[in-house]
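Me: I've just opened this one and don't know my way around yet. Can you walk me through it?
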Amino acid sequence: AALLAHASTALVFWWRRPPQARRRFGALVQGYAGFLLLIVIFGHIAATRVVPALVGFQADFGFVWISLAIWPTFFIPYYAAFGAAGAFHLIYGLRFFLGRRPVPQWQTIVTLVLAAVFLALPIVYLRGPTPDIDDETLLRYLRPYELAAPWLLGAAEEDPLVRRYHRLRREQNP
């Protein structure tokens, strides 16, 4: 409900805004960030809430870690774009809501850069060295990928964790 209310309010603001306001750099970045969030949020909810619930566990940061460990070329840009868009949209939106409009272009750029930098820190931390992971945990974290996005497992066939996962699954289902 909150997502629909937010999206519909954004559309009303977008249509009622005068043409010169639509061309402001901050408004453009805010709109693109909101649009990216709108597109990504449904897949994100499905991946972090629906699929894990179907498998019987709640997603946690181990789920993020395994995605970064096995598919860094896909998930690092995904998390960076999703997080930076969310952070920028929140910061810029709060400034707008509090009546500080229009936001100067330099503040828009600084906000976007700071959001990306602060987001990069946890991504780098979570992408750190691969710790030892027991078989049960590996099965628990990769089973949702097998159900919801088997193409991701296929794309990482050479990864040692994915090979071990497939070996464990074959042992479970001879």
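Me: Let's start with arginine 140. Which ring does its charged end sit over?
Reply: That would be the ring of tyrosine 141, with the charged end of arginine 140 lying 4.8 Å from the ring's centre. Keep in mind that this is a predicted model.

Me: Good to know. How many aromatic pairs are there?
Reply: The count comes to 10 aromatic pairs.

Me: And which residues form the aromatic cluster?
Reply: Trp71, Phe74, Phe75, Tyr78, Tyr79, Phe82, Tyr145 and Trp151 make up one cluster.

Me: Stepping back, how many helices and strands does the protein have?
Reply: It has nine helices and zero strands. Going along the sequence, the pattern reads α-α-α-α-α-α-α-α-α.

Me: OK, what about contacts across the chain? What percentage join residues at least 24 apart?
Reply: Taking contacts between residues at least 6 apart in sequence, 72% join residues at least 24 apart.

Me: New topic: how much of the protein is buried?
Reply: Of its 174 residues, 32% count as buried. On the outside, the protein exposes about 11200 Å², and carbon and sulfur atoms supply 68% of that.

Me: Why is α4 largely enclosed?
Reply: Nine of the 10 residues of α4 are buried, so the rest of the structure largely encloses this helix. The buried ones are Gly62, Phe63, Val64, Trp65, Ile66, Ser67, Leu68, Ala69 and Ile70.

Me: Let's talk pockets. How much space lies in the second largest pocket?
Reply: About 390 Å³. It is lined by 20 residues, and those closest to its centre are Gly43, Ala47, Phe75, Tyr145 and Leu152.

Me: Which elements give two or more residues to that lining?
Reply: Those are α3 (25–55), α4 (61–70), α5 (72–97), α7 (135–148) and α8 (150–155). The largest share is from α3, which supplies eight residues. Two names come back here: Phe75 and Tyr145 are among the residues closest to the pocket centre, and they also belong to the aromatic cluster.

Me: Last one. Where is glutamate 157 found?
Reply: Look in the loop between α8 and α9 (160–172).

Me: Is glutamate 157 buried, partly exposed or exposed?
Reply: Partly exposed, because its relative accessibility is 35%, and that class falls between the under 20% of buried and the over 50% of exposed.

Me: What does glutamate 157 touch?
Reply: Leaving out residues up to four places away in sequence, glutamate 157 touches Val162, Arg163 and His166. Its C-alpha atom is also 9.7 Å from that of isoleucine 70, although the two are 87 residues apart along the chain. Isoleucine 70 is one of the buried residues of α4.

Methods: Residues numbered from 1 in each chain as written. Predicted model: local features only at pLDDT ≥ 70, side-chain atom pairs only at ≥ 80, totals over all residues. Heavy atoms only, no water. Phe/Tyr/Trp six-rings, centres within 6.5 Å; stacked < 30°, edge-to-face > 60°. Lys NZ or Arg CZ within 6 Å of the ring centre and 35° of its normal. Helix = DSSP H or I, 4+ residues; strand = E, 2+ residues; numbered from the N terminus. Buried < 20%, exposed > 50% of the residue type's maximum accessible area, 1.4 Å probe, protein only. Contact = heavy atoms within 4.5 Å. Areas by Shrake-Rupley, 256 points an atom, 1.4 Å probe, with all protein chains shown as cover. 1 Å grid on protein atoms, 1.4 Å probe; cavity = no way out; pocket = protein on both sides within 12 Å on 5 of 7 lines; lining within 4 Å. Points joined across faces, edges and corners; volume = space filled by probe spheres on them.
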